[in-house]
Amino acid sequence: MNQTNQINRPNSQGRRTPVPRRRFPLWAFSAFAFVYFELLLFVLIGKVYSPMTWMYIILTGGAFGAIVGAGIELIKKPKPRKITGIVIFALSPVLFCTEYFVFRSFMTCMNLPSILSGTGDVATGFTSVMISVILKGLWIILLYYIPLTLFCFFFKRLSGNRDSRVPLMRMGSALLAQALCIGVISLVPVDREKLFERYNFDDAVHTFGLTNAFALDFLDMIGGGGDSDFNFDEIDTPDTSIDTTDETGTDTNIVEPPPVVVYEKNEIDVDFAALAESESRSDVSKVHSYIAGQAPTSQNEFTGLFKGKNLILITAEAFSAEVIDPVRTPTLYRLANKGIQFTDYYQPAWGGSTSTGEYSILMGLVPMAGVKSMKNTIDHNLYLTIGNQLTREGYTSLAYHNNSYTYYSRNLTHTNFGYSEFIGMGNGMEAGVKSRWPASDEEMMRFTFDSYVDKEPFNIYYMTVSGHCLYNWTGNSMSKLNKDTFSDMEASETIKAYHAANYELEKGLSYIVSELDRRGMADDTVIVISTDHYPYGLENSETWGNDRDYLAELYGYEATDIFKRDHSALIIWSGCLEEREEPIVVDTPVYSLDILPTLSNLFGLEYDSRLLVGRDVFSEAEPLVLWTNYSWLTDKGNYNASTGTFTPAEGVEVDDAYVKRIKSIVGNKINYSKSVIALDYYDILFGER
């Protein structure tokens, strides 16, 4: 017997005889290690999880660890076996720690492509924040490396196996345990949907654990994003039914109705059913069939209201409805209250921070690949973006950003969105904007205004940065700059600093609007403002230096779910709207994906409403707001996909068929969004145009 596997112990004659050491199976050590990794992540995240979720992560985490351990056991020589184990138990904590820090920063888990895609930008743009996060979380990193320490220290006590059949049998047993767990999951409807029908990485982490989420994400990626399974039983048909009876049941149609105006459809002259039948590729044929089954929305009394007018479209960093105030932000207040008024607007947090917020506004599609969503559009045909639509109409189209012009590869993506130039810090913006963090929105707008104001009609896009966290008087240059303006506000210092940072947007808009008024151009210019995401930098997080939930202070209530958290403000204003006797009010749920089809209709552009996920808010299409985890909200109530529960709006009753229909529509819209990018679908339709 090998001496490393035995000790000497004296016998009755006083001689020492070899006694085998007690050894611990390596596969079992690995199983315990991965269960430890998973449980530690759940404890650190601090959410309340169901008993079923705890069971899932223990079973599947243990099974995965057992497979890894059995694989290590297959290596017969001790030294290579030890090196392999060290590599595995050194790299695995990196994934878990990274996911933890991502979650604590953005309150969502991101898949590996999203993390890797944004790593370089975050590392260069937020070095000080990253260093601070790592230093504050050093104790967490040390906790995650306990298994590696134990592995190195007790390696000689961890048994390998000379017979390769034994580790293979253990792998088979672990796979059987995985299959058993999947069988259990299949018995729970809401969890079965997350696993098979409604996959979302963040939900998968919180339901099945990180290792399983990575596995599901890998299967999702190799499964062919363009070959989506649409539910053709549910058609997204506009709800045109009208109740013509009063509460007593009496028919109220006594007076002869006014003449019915027949509007044309917002659709292109393409026979999608014929395309589907003649298409040889099944994945493309499915998308053609899906479009063929949709009902295009009609034009309406607001079609062409802004035809030929200038457009300034702004994605405002971490903007919120609470910023708008008649005294402190009079220009924002004017635009919000004298333009089209939206009473129920949402910007979902799409799981990729600013980049996915921009994507939803500019593309009118669900961003399904996190930070990579925007980068995946490079070299694609983006025929329907507002930039490309207006450029085809002869507009001067320019885009600006007061941060690095290469951040998130915007120098490559935004010119493809239809803007002839994208100017940021590093390729021209630094000539008029001071280098500080964050930079000034006012300086950007003043500096760029003269470059387009005399080139009508113009189509301008701004991505702002002044409202970016952190929110304090020392780490945020815009908060510090505008501190005195909010010194008398009754709020915490953090909330004051948030308002002070966003005040730079007010100052920039004040300059633009006053110049438009002075030049007599206000009536011929449209300004549209939406946020990229809710101000997550106010949440209780060590990453942002917050010791409590300042978001609740800003909102005046606790954002206990995504429906409360992602409620925001949308501004669509033109000077011509101020002349109306009655304001235009949209009181149904609206979200960022509705901006593109609504603007396409308002500017009287030729587009097909079936090819965008959102709706023209003035059309007959029923309102729908959806999230990437398959949650949704309509005027009838909201559905939380994480819990599988539907909550009706006050005074509303719907049956199970309604919930099932909307769930199916949401699934189809998400599948369609995936397919457009995976197949470069717009190029298939418009490549020759």
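Trainee: Let me start with Asp680: at 17% relative accessibility, does this residue count as buried or exposed?

Mentor: Buried, because the cut-off for that class is under 20% relative accessible area, and Asp680 comes in at 17%. Keep in mind that we are reading a predicted model. Asp680 sits in the loop between α25 (656–679) and α26 (681–686).

Trainee: What is there to notice about the phi of Asp680?

Mentor: Here is the general idea. Most residues other than glycine have a negative phi, and most peptide bonds are trans. In this model, Asp680 is not a glycine, yet its phi is positive, at about 50°. Tyr630 is another non-glycine residue with a positive phi, in this case about 75°. Look for Tyr630 in the loop between β16 (625–626) and β17 (632–634). With 4% relative accessibility, Tyr630 counts as buried.

Trainee: And the peptide bonds: which kind joins Glu456 to Pro457?

Mentor: That bond is cis, with omega near -10°. Pro457 belongs to the loop between α19 (441–449) and β10. A cis bond also joins Cys469 and Leu470, where omega is about 15°. Leu470 is in the loop between β10 and α20 (477–481). When you scan backbone torsions, these two loops are good places to stop and look.

Trainee: Let me zoom out. How many helices and strands does the chain have?

Mentor: There are 26 helices and 19 strands. Of the 689 residues in the chain, 55% count as buried. For contacts between residues at least 6 apart in sequence, 73% join residues that are at least 24 apart.

Trainee: How should I read a sheet, and in what order do the strands of the six-stranded one come?

Mentor: In general, strands of a sheet pair through backbone hydrogen bonds, either parallel or antiparallel. The sheet you mention is open, has mixed pairing, and follows the order β9-β8-β10-β5-β11-β13. The edges are taken by β9 (421–425) and β13 (571–574), each of which has a single partner strand, so one side of each has no neighbour in the sheet. On average, neighbouring strands here are turned by 15° against each other, direction ignored.

Trainee: How many bridges join β5 to β11?

Mentor: Seven, and the two strands run parallel; β5 covers residues 310–316 and β11 covers residues 525–531. One pair to find on screen is Thr315 with its bridge partner Ser530 in β11. On to the pairing of β11 with β13: that one is antiparallel and has four bridges. There, Ile529 has Ile571 of β13 as its bridge partner.

Trainee: What should I look for on the two faces of β13?

Mentor: The general rule is that side chains in a regular strand alternate between the two faces of the sheet. In β13, Ile571 and Trp573 are on one side, Ile572 and Ser574 are on the other, and all of them are buried, leaving both faces covered.

Trainee: Which helix lies across β11?

Mentor: That is α21 (residues 493–518), which lies across β5, β10 (458–463), β11 and β13 and runs at about 170° to β11. For a residue-level view, take Thr525, which is found in strand β11 and counts as buried at 0% relative accessibility. Leaving aside neighbours within four places in sequence, the contacts of Thr525 include Asn310, Ile312, Phe458, Leu516 and Trp573.

Trainee: Which residues does Thr356 contact?

Mentor: Beyond its neighbours within four places in sequence, Thr356 touches Trp350, Gly351, Pro367, Gly370, Val371 and Ser373. Thr356 lies in helix α15 (residues 353–363) and counts as buried at 0% relative accessibility.

Trainee: One last feature: at what angle do α9 and α10 pack?

Mentor: Helix α9 (residues 189–197) and helix α10 (residues 201–208) pack at about 130°, and their axes are 10 Å apart. The two helices are therefore oblique to each other. The crossing of α9 past α10 is left-handed. Asp191, Lys194 and Leu195 of α9 make the contact with Asp203, Thr207 and Phe208 of α10. Sorted by class, that contact has two nonpolar, one polar and three charged residues.

Terms used
Residues numbered from 1 in each chain as written. Predicted model: local features only at pLDDT ≥ 70, side-chain atom pairs only at ≥ 80, totals over all residues. Heavy atoms only, no water. Pairing = 2+ DSSP bridges. Axes fitted to C-alpha atoms, helices over the stretch in contact; angles between N-to-C directions. Contact = heavy atoms within 4.5 Å. Parallel < 35°, antiparallel > 145°, perpendicular 65-115°, else oblique. Left-handed = near helix turned anticlockwise from the far one by under 90°. Nonpolar A, V, L, I, M, F, W, Y, C, P; charged D, E, K, R; others polar. Buried < 20%, exposed > 50% of the residue type's maximum accessible area, 1.4 Å probe, protein only.
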